[in-house]
Amino acid sequence: MGRDGGEDGFVRRGPGWLNCRMKPNGAAFRSTGDEPSAPPTRPPLRWWPAAGIVVLAAAAILVIRLQEDVPFQTRNLASLAVSLAAVALLWLWWLVGSRAPWRWRLIGCGGALLVVGLGLALFRIRGVSGDLMPIIEPRWAARERAVSPPAPPEAPQVAATPVAAPRRVVADFPQFLGPNRNCVIEGVELDPDWQARPPRPVWRRPIGEGWAGFAVVGERAFTQDQQGEWERVICLELATGRLLWEHRDRTRYDTTIAGPGPRAVPTVHEGRVLTLGATGLLNCLDAASGRLLWQRWITRDADSSVPDWGFAGSPLVIDGKVIVSAGGRDGRSLWAYDLQTGEPMWHAGDDAAGYSAPCLMDLAGVPQVLIFNRHR
């Protein structure tokens, strides 16, 4: 029994208590203060922001995927952007809004950054698929790249000698989308049952990188490709695939999202081959020999820049004029060059270049050149 009537060893002193305990030797010691309380408890983790981020991101991606009128590539890019934004918000939530101990927060954020850094160090994006999905490969994987050929011999910028046109047949495909740029070839019948009677390979040969299709006139096929640092125009024998001639320019277009190489189909007209490279190099070549007749850098003429995916519009030839989209401002978007000399004849329009090829149409009795530009 404590002093002053305290049975539990405490003596009341106003609002507090006077503690009285005995030391092992029988002496007493005292301390004053309030009744001892339990240690403060840490508030629980705040999970609802993380759950909200995940639910909203999943809902946004679902809505994006259901937009069937939107191109699949655009939906892929939008879904990827939402996913990256959600990951960034989750990282920020863990750092400043989770209520986790600071030690855990720093370890978690540092670990996430370490994983990202290791991923970037060990892997790379080789390119993208046709659906704009990234193609990831280990950094130690060897990249297939064509060996650069030797430098081409000097060629004259303008040739005055006439050129012979390849023999034209019914099934000629002299330019983008066919003879009239309307995806129609007259007088040709194809077997529709490729399951029962599939096409038979006639020949196969390696070529360089690129996205350009073929133009076919007579017994020759023309296309563009990329060989190392050289952009090429090549002519193949249609029956065998044998290389008949090539023209090379030291220029290269290559981006992660767009891939390397030229992308425009050559245009064959009256013994000349007109090509537009991905960097804006317009060539006029002799169809028989590949000799350079004239050459223009359309970006220099128009004071424009290369589009994000490179120049892709095949040249259009009308009444002795070669028409291409250069994308310059102040009346320098669409250009017409003289077929014989390469000298500019006129230019018009103000919009940046898109990825379509110009085409000729008769609207309301007026021949007009139509083209889709980057913004309209």
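This report describes the fold content, two helices, the aromatic pairs and selected arginine and cysteine residues of one chain.

## Overall composition

The structure is a predicted model. Its chain has 376 residues, of which 36% are buried. The secondary structure amounts to four helices and 21 strands. Among the contacts with a separation of 6 or more, 48% are between residues 24 or more positions apart.

## Helix α1

Helix α1 covers residues 48-65. Its 18 residues should span 26 Å at 1.5 Å a residue, and the C-alpha atoms at its ends are 26 Å apart, which agrees with that expectation. The buried residues of α1 are Pro49, Ala50, Ile53, Ala57 and Ile64. Viewed down the helix axis, these buried residues fall within an arc of 100°, so they line one face of α1. Trp48, Val55 and Leu62 are exposed on the other side of the helix. The packing partner of the buried residues of α1 is α2, residues 72-96.

## Helix α2 and arginine 75

Helix α2 consists of 25 residues. From its first C-alpha to its last it reaches 36 Å, close to the 36 Å expected at 1.5 Å a residue. Arg75, Asn76, Ser79, Ala86, Trp93, Trp94 and Leu95 are the buried residues of α2. They pack against α1 and also against α3, which comprises residues 102-122.

Arginine 75 lies in helix α2. With a relative accessible area of 11%, below the 20% limit, arginine 75 is therefore classed as buried. Its C-alpha is 6.0 Å from that of isoleucine 64, and the two residues are eleven positions apart in sequence. When residues up to four places away in sequence are not counted, arginine 75 touches Ile64, Arg65, Gln67, Glu68 and Val70. Ile64 also appears among the buried residues of α1.

## Aromatic pairs

A pair of aromatic rings is described by the distance of the centres and the angle of the planes. The structure holds seven aromatic pairs. Two of them are listed below.

| Pair | Centre to centre | Angle between planes | Class |
|---|---|---|---|
| Tryptophan 47 and tryptophan 93 | 5.7 Å | 40° | tilted |
| Phenylalanine 123 and tryptophan 140 | 6.3 Å | 50° | tilted |

In the pair of tryptophan 47 and tryptophan 93, tryptophan 47 belongs to the loop between β3 (28-33) and α1, whereas tryptophan 93 belongs to helix α2. The pair therefore ties together parts that are 46 residues apart in sequence. Tryptophan 47 is exposed, at 51% relative accessibility, while tryptophan 93 is buried, at a relative accessible area of 10%. Trp47 and Trp93 also belong, with Trp94, to one aromatic cluster.

The rings of phenylalanine 123 and tryptophan 140 have planes at 50°, so this pair is tilted. Phenylalanine 123 is in strand β4 (residues 123-128), and tryptophan 140 is in the loop between β5 (134-138) and β6 (215-217). The pair links distant parts of the chain, 17 residues apart. Phenylalanine 123 is partly exposed at 38% relative accessibility, and tryptophan 140 is exposed at 64%.

## Arginine residues 105 and 242

A charge also sits over an aromatic ring in this model: the charged end of arginine 105 lies over the ring of tryptophan 102, 4.2 Å from the ring centre.

Arginine 242 occupies the loop between β8 (230-237) and β9 (243-250). At 47% relative accessibility, arginine 242 counts as partly exposed. Arginine 242 and tryptophan 203 are separated by 39 residues in sequence, and their C-alpha atoms are 9.4 Å apart. Neighbours within four places in sequence left aside, the contacts of arginine 242 are Arg205, Cys235, Leu236 and Glu237.

## Cysteine residues

A disulfide is a covalent bond between the sulfur atoms of two cysteines. Zero disulfides are found in a search of the whole structure. Cysteine 109 is buried, at 6% relative accessibility, whereas cysteine 359 is partly exposed, with a relative accessible area of 22%. The limit for the buried class is under 20%, so the value of 22% places cysteine 359 outside that class.

Note on methods:
Residues numbered from 1 in each chain as written. Predicted model: local features only at pLDDT ≥ 70, side-chain atom pairs only at ≥ 80, totals over all residues. Heavy atoms only, no water. Helix = DSSP H or I, 4+ residues; strand = E, 2+ residues; numbered from the N terminus. Expected span 1.5 Å × (residues − 1). Buried < 20%, exposed > 50% of the residue type's maximum accessible area, 1.4 Å probe, protein only. Arc of directions from axis to C-beta. Contact = heavy atoms within 4.5 Å. Disulfide = S-S within 2.5 Å. Phe/Tyr/Trp six-rings, centres within 6.5 Å; stacked < 30°, edge-to-face > 60°. Lys NZ or Arg CZ within 6 Å of the ring centre and 35° of its normal.
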